[in-house]
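Visitor: I would like a close look at one small part of this model. Please start there, then work outward.

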Amino acid sequence: MEDSQIVDLYWSRDEAAISETQEKYDRYLTKIAYNILANSEDSRESVNDTYLAAWNSIPPNRPSVLSTYLAKLTRRISIDCFRSRNRAKRSASQYALSLDELAECVSGGNTTEEIVNHRLLADTIGIFLRLQSPEARTAFIGRYYYLDSLKEVAAYCGMSESKAKSLLHRTRLSLKEYLLKEGFDL
Amino acid sequence: MTVDQLLDAIGLLPPDLLAETERARAQKSRKVIHFRRYIALAASVALFLWGAWFLSLTGQGSSKEAAAGTSSPALADNAPADWDMGVVTGSSLRESSRSTTPGSFQVPILELQCGTQSLQIPSDNYTWSWSLEDGTGQGVTATGPYPPDMGEDLPVLAPEDAAVQLVWDLETPPTALTLRRWAAGSREPIQEALSAPTFQLTSGEWVYEITACWDHNTASYCFRADCPEPFLG
């Protein structure tokens, strides 16, 4: 079924919307959840929560790209789940590894969450990424948005793992410089 | 700023930025699926080739029966009852009839001699048996397609004359000869017994089948010929 038809089902409050979403995107969303949680049960739960969140948010939302919308929900839900879990499990997931990598970009200091304007930060990162090469952009988003493993990123970027690692390292350093230049307190 | 805050902000990236990466990820998935399909296909081909090789090595197949209308009526199973008879079907049987140990399993090849032309034809249908050193016997039955269905697989004789001589690469001449022929597009044969290893081509395009018998053994040979009217005198 086309995405627009599935969105129409949500809007008409037809519960078939969830089964159609599940049929089309279950594997895709489970992969994203598993990248973050590294646990099948938690991933399953996270994806089920995604369907509920989609049901509750469409309407009022009418996503133009359903896959991206659902991915965003899964990512947020899975990260929340990850943070609420005990820290001993952290070391296993790609999310945990990406946290370590992104630590290069920030001080990890005392700035509180309230002080950071997430929307402004997201827009700035978006502008930064548009200035990068398509290769660097794909690798960065694959690694830090979809939380794919380095091996997977290297595969779909068509490069070796070591090259992907080096490319990501350079991009993170550039991002740090860019954010500082834009006045963010890292 | 904490790493979690940075990752949260990355989670708010606009969809158009994500689309590019999504395409790359999807293409990778398709490549993996294609690769798996290629592996499965290669495994099937390897298995098939191994089966064909094994069949040609042993000269025995596992088919239980020939497809309807494919076997020649002259190929009666006339080997001794206690002999081990295998069955070969399909297009590899021409090779299989010539590839086993010399002297043990050699279905004779027919040579058609027509004017200055000659054409060698391996058998497509045969029941062939032979004695082993220990006094027991072994045999193979091969069943090819029904001659009118062989189409382009049929050897073609370009006649220079209507008279055709039949010569086998075997010292013992056949004890019985039968000729069947099918007009183009027909599936009903015209059959006649030959009293000598020679016959006259019929005017026009025909499919011919010569069946030769040697005691327990029988072999059939098919070919196509288009004989012009003037040759018939």
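Visitor: Which backbone oxygen does the side chain of Ser123(B) reach, and at what distance?

Guide: A word on the source first: this is a predicted model. The side chain of Ser123(B) reaches the backbone oxygen of Asn125(B), at 2.9 Å. Now place the residue. Ser123(B) sits in the loop that joins β3 (117–121) to β4 (125–131) in chain B. Is Ser123(B) buried or exposed? Its relative accessible area is 1%. The cut-off for buried is under 20%, so Ser123(B) counts as buried.

Asn125(B) is not the end of the story. A polar atom of the Ser123(B) side chain also lies 2.8 Å from the backbone oxygen of Ser220(B). Along the chain, Ser123(B) and Ser220(B) are 97 residues apart. In space, their C-alpha atoms are separated by 5.5 Å. The side chain of this loop serine thus has two backbone oxygens to look at: that of Asn125(B) at 2.9 Å and that of Ser220(B) at 2.8 Å.

Stay in chain B and turn to the rings. Across all chains, the structure holds 12 aromatic pairs. One of them is formed by Trp168(B) and Trp214(B). Its geometry is edge-to-face, with 5.8 Å from centre to centre and 90° between the planes. This pair links distant parts of the chain. Trp168(B) belongs to strand β7 (residues 163–168), and Trp214(B) to strand β11 (residues 204–214). The separation in sequence is 46 residues. Both tryptophans are buried. They also belong to a cluster: ring pairs link Trp128(B), Trp168(B), Trp214(B) and Tyr221(B).

Next, a serine in chain A. Ser67(A) is part of helix α4 (residues 66–84). Its relative accessibility is 7%, so Ser67(A) counts as buried. What does its side chain meet across the chain boundary? The side chain of Glu22(B) makes a polar contact with that of Ser67(A), at 3.2 Å. Leaving aside residues up to four places away in sequence, Ser67(A) touches Asp3(A), Tyr25(A), Tyr28(A) and Glu22(B).

Helix α9 of chain A deserves a longer stop. It covers residues 161–181. At 1.5 Å a residue, its 21 residues should span 30 Å. The end C-alpha atoms are 30 Å apart, so the model agrees with that expectation. Which residues of α9(A) are buried? They are Ala164(A), Leu167(A), Leu168(A), Thr171(A), Arg172(A), Leu175(A), Tyr178(A) and Leu179(A). Look down the axis of α9(A): these buried residues fall within an arc of 140°, so they line one face of the helix. The other side of α9(A) has exposed residues: Ser162(A), Lys165(A), Glu177(A) and Lys181(A). The cover over the buried residues draws on two chains. From chain A it includes α5 (94–102), α6 (118–130), α7 (134–144) and α8 (150–157). From chain B it includes α1 (3–10). After the helix comes Gly183(A), with a positive phi near 95°.

Now some backbone details. Most residues other than glycine have a negative phi, and most peptide bonds are trans. Arg13(A) has a positive phi of about 55°, although it is not a glycine. The loop between α1 (3–11) and α2 (16–37) of chain A holds Arg13(A). With a relative accessible area of 37%, Arg13(A) is partly exposed. Arg13(A) also lies over the face of Trp55(A), 3.9 Å from the ring centre. A second charge-over-ring case follows: the charged end of Arg62(A) sits over the ring of Trp11(A), at 4.6 Å from its centre.

Ala38(A) has a positive phi too, of about 50°, and is not a glycine. Its place is the loop between α2 and α3 of chain A. At 25% relative accessible area, Ala38(A) is partly exposed.

Finish with the prolines. The peptide bond from Ile58(A) to Pro59(A) is cis, with omega near -15°. The bond from Pro59(A) to Pro60(A) is cis, with omega near 15°. Pro59(A) lies in the loop between α3 (40–57) and α4 of chain A. Pro60(A) lies in the loop between α3 and α4.

Key: Residues numbered from 1 in each chain as written. Chains lettered and ligands numbered in written order. Predicted model: local features only at pLDDT ≥ 70, side-chain atom pairs only at ≥ 80, totals over all residues. Heavy atoms only, no water. Phe/Tyr/Trp six-rings, centres within 6.5 Å; stacked < 30°, edge-to-face > 60°. Helix = DSSP H or I, 4+ residues; strand = E, 2+ residues; numbered from the N terminus. Buried < 20%, exposed > 50% of the residue type's maximum accessible area, 1.4 Å probe, protein only. Lys NZ or Arg CZ within 6 Å of the ring centre and 35° of its normal. Polar contact = N/O pair within 3.5 Å; in protein donor to acceptor, adjacent residues only side chain to side chain. Contact = heavy atoms within 4.5 Å. Expected span 1.5 Å × (residues − 1). Arc of directions from axis to C-beta.
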